[in-house]
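Here is a walk through one protein model, taken piece by piece. Have the viewer open as you read.

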Amino acid sequence: MIFVTEATIPVSDPKATMSMFVSHLEEEHDIQAEVAEDGSKSFEQDGFSIKFKPLSQGLNVRIAGPNESVFIFFKEEIAEHVRELDPTAAANIRWSSENSREGALPPNFKVLTVKNSFELFNGMQRVTLVHEDVGCFASDDVHLKLMMPVDPARTAVWPTMAANGAPVWPGGVDKLHARFITLRHVRTQDGEVDIDIARHNNGLISNWACRAMPGQKVGVMGPAGAAVLRHSDNVFLAADGTGMAAVARLLESAHPNANGDVVVAAPGDYDISEYFPQTRFNLHSIAPEQFEKRILEMAQQLTASGKTSYAFFAGEFQNAQDMRKLFKSRLGLDKSSQMSVAYWRRGVPGHGS
C-alpha cells in the first residue's frame, strides 16, 4: 500500500524555496534530483518519493511511500527549512489526507524502558530497551530518533504535534537531546530491542548509554530508513563505530551467496565475526583511533571500477564526503549502487553522540 500526502506552502518565492530543498537533499543526503518538463524536481529513496513543484500560490510538496509514520520526519524537516525563510508560512503548512493531531504525541512515538546496559567491547555499549509492543520495529526500517532531557535530573516533556504536521519540541529547561540511532536487534516475543552506542568523551547519548540504569525512560520516534542489501557480488561495506549496527543489518538482509568486503572500526583484540552474522564476506577491522585516517586507503585497495557492484559507508562527515567521491568518480557507481552517509561531524558539538 502506498500512502500519499501533499501541501502547497505559501511562500513568496517558490523556486528559491525549492532550490533550498534540492541543495539540502543533494549535499547533505546525497540524493540526486530528477527534473521534469514542468519544472518540478523529485527524489526517490527506499521506496519513498518527495516532489517539489513551484506554483503561483506557493511551493507544492508531494510525499509518497509505504510507511505513513515516516512522513513525520519529512514534514518536520520541511517545516524547519521553511521556518528559516518564513515562520508564518511554516506554521500555515497543511497536509492533505491527514486528521489533525495537534497537541497529541507523534503517532510514531513510544517511551521505552532500559532493561540493562553493558560494554559489548571496548568502545561500544549495548543498551537493551523494553516495551510491551515492539512489533512496529521488526521491519526493514532500522533507525530510531532517540531522545532524552538535556538535563538528566528533569522529568521528560515529550514532543507534541502541531497543525502543520511537524512535532513541536520543548525548549528551555525542558529541552530534549535527540539523535538517530540504529536498531541492532528486535525480539518481538520478549518485547526487547538492542541499540549499540559508540562510546566517546562528552557525548550526551554516549554518556547516557554508559550510565543507563534499569527502569530509566527514553523516548523514540520511528522507525525509518530501510537497510536492505540488494546486490550480491563484490559488495563493499564500511563504517566506524556509529555505523556498525547498520552494516550488521545490511548483512542480515543479504542473499546467502552475497560476497565482498566489510571494514569497520574495532579494537584489535575483538573478534568482529562475533558481531556480524555469518556470511561469505571478508571482515577487516581498523583500530578506532586510526580509522578516519586509514579508511579511504583501505577502500581504494578493496574496490575496483567495473568490479565493485555496491558500496556503502557510514561514519564521520569528512570521511563520508571522501568515500562518496570514491564511489561515484573512481568506481563509477550511480545512486542505486552506492551510499555514503555522515552519522556525525568532527568538531561540531552534539554530533557523534
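Is Arg346 buried, partly exposed or exposed? Arg346 has a relative accessibility of 52%, so it counts as exposed, the cut-off being over 50%. Keep in mind that this is a predicted model.

## A salt bridge at Arg346

Arg346 pairs up with Glu292 in a salt bridge, and the closest N and O atoms sit 2.4 Å apart. The two ends come from distant parts of the chain: Glu292 belongs to helix H6 (residues 288-302), while Arg346 is in the segment after strand S18 (338-344), and 54 residues separate them. Glu292 has a relative accessible area of 27%, so it is partly exposed.

## More salt bridges, and a network

The structure has 12 salt bridges in total. One of them joins Arg184 to Glu252, with 2.9 Å between the closest N and O atoms. Arg184 lies in strand S11 (residues 176-187) and Glu252 in helix H5 (residues 244-253), so this pair ties together parts that are 68 residues apart in sequence. On the Arg184 side the relative accessible area is 3%, which means that residue is buried. Glu252, at 40%, is partly exposed.

Glu252 also meets Arg249 in a salt bridge, at 3.7 Å from N to O. Why are these two about one helical turn apart? Because they are 3 residues apart in helix H5. As a reminder, an α-helix has 3.6 residues a turn, so residues three or four places apart point the same way. Arg249 is buried, with a relative accessible area of 12%.

Then there is a network: Lys115, Arg187, Glu192 and Asp194 are joined by salt bridges that share partners. Asp194 sits in strand S12 (residues 192-198) and is buried, with a relative accessibility of 4%. Its side chain also makes a polar contact of 2.7 Å with the side chain of Thr128. Not counting neighbours within four places in sequence, Asp194 touches Arg126, Val127, Thr128, Thr182, Leu183, Arg184, His185 and Arg187. Arg184 in that list is the residue that bridges to Glu252, and Arg187 is a fellow member of the network.

## The sheet near the start of the chain

Now for the other end of the numbering. Five strands make an open sheet, ordered S1-S5-S4-S3-S2, with antiparallel pairing. Strand S1 (3-9) and strand S2 (34-35) are at the edges with a single partner strand each, so one side of each has no neighbour in the sheet. S1 and S5 are paired in the antiparallel sense over 7 bridges. To pick out one spot, Ala7 has Val61 in S5 as its bridge partner.

Helix H1 packs on this sheet and touches S3, S4 and S5, with its direction at about 155° to that of S4. Helix H2 lies across S1, S4 and S5, and runs at about 160° to S5.

## Inside helix H1

H1 has 15 residues and spans 21 Å from first C-alpha to last, close to the 21 Å expected at 1.5 Å a residue. Which of its residues are buried? They are Pro14, Thr17, Met18, Met20, Phe21, Val22, His24 and Leu25. The cover over these buried residues includes strand S3 (41-45), strand S4 (48-55), strand S5 (58-65) and helix H2 (71-85).

Take Thr17, which lies in H1 (residues 14-28). Thr17 has a relative accessibility of 3%, so it counts as buried. Setting aside neighbours within four places in sequence, Thr17 is in contact with Val11, Leu59 and Leu85. Of these contacts, Leu59 falls within S5 (58-65) and Leu85 within H2 (71-85).

Ser23 is also in H1, but at 33% relative accessibility it counts as partly exposed. Ser23 is a long way along the sequence from Leu129: the two are 106 residues apart, and their C-alpha atoms are 37 Å apart in space. Just after H1, Asp30 has a positive phi of about 55°.

Conventions: Residues numbered from 1 in each chain as written. Predicted model: local features only at pLDDT ≥ 70, side-chain atom pairs only at ≥ 80, totals over all residues. Heavy atoms only, no water. Helix = DSSP H or I, 4+ residues; strand = E, 2+ residues; numbered from the N terminus. Buried < 20%, exposed > 50% of the residue type's maximum accessible area, 1.4 Å probe, protein only. Contact = heavy atoms within 4.5 Å. Expected span 1.5 Å × (residues − 1). Pairing = 2+ DSSP bridges. Axes fitted to C-alpha atoms, helices over the stretch in contact; angles between N-to-C directions. Salt bridge = Lys/Arg side-chain N within 4 Å of Asp/Glu carboxyl O. Polar contact = N/O pair within 3.5 Å; in protein donor to acceptor, adjacent residues only side chain to side chain.
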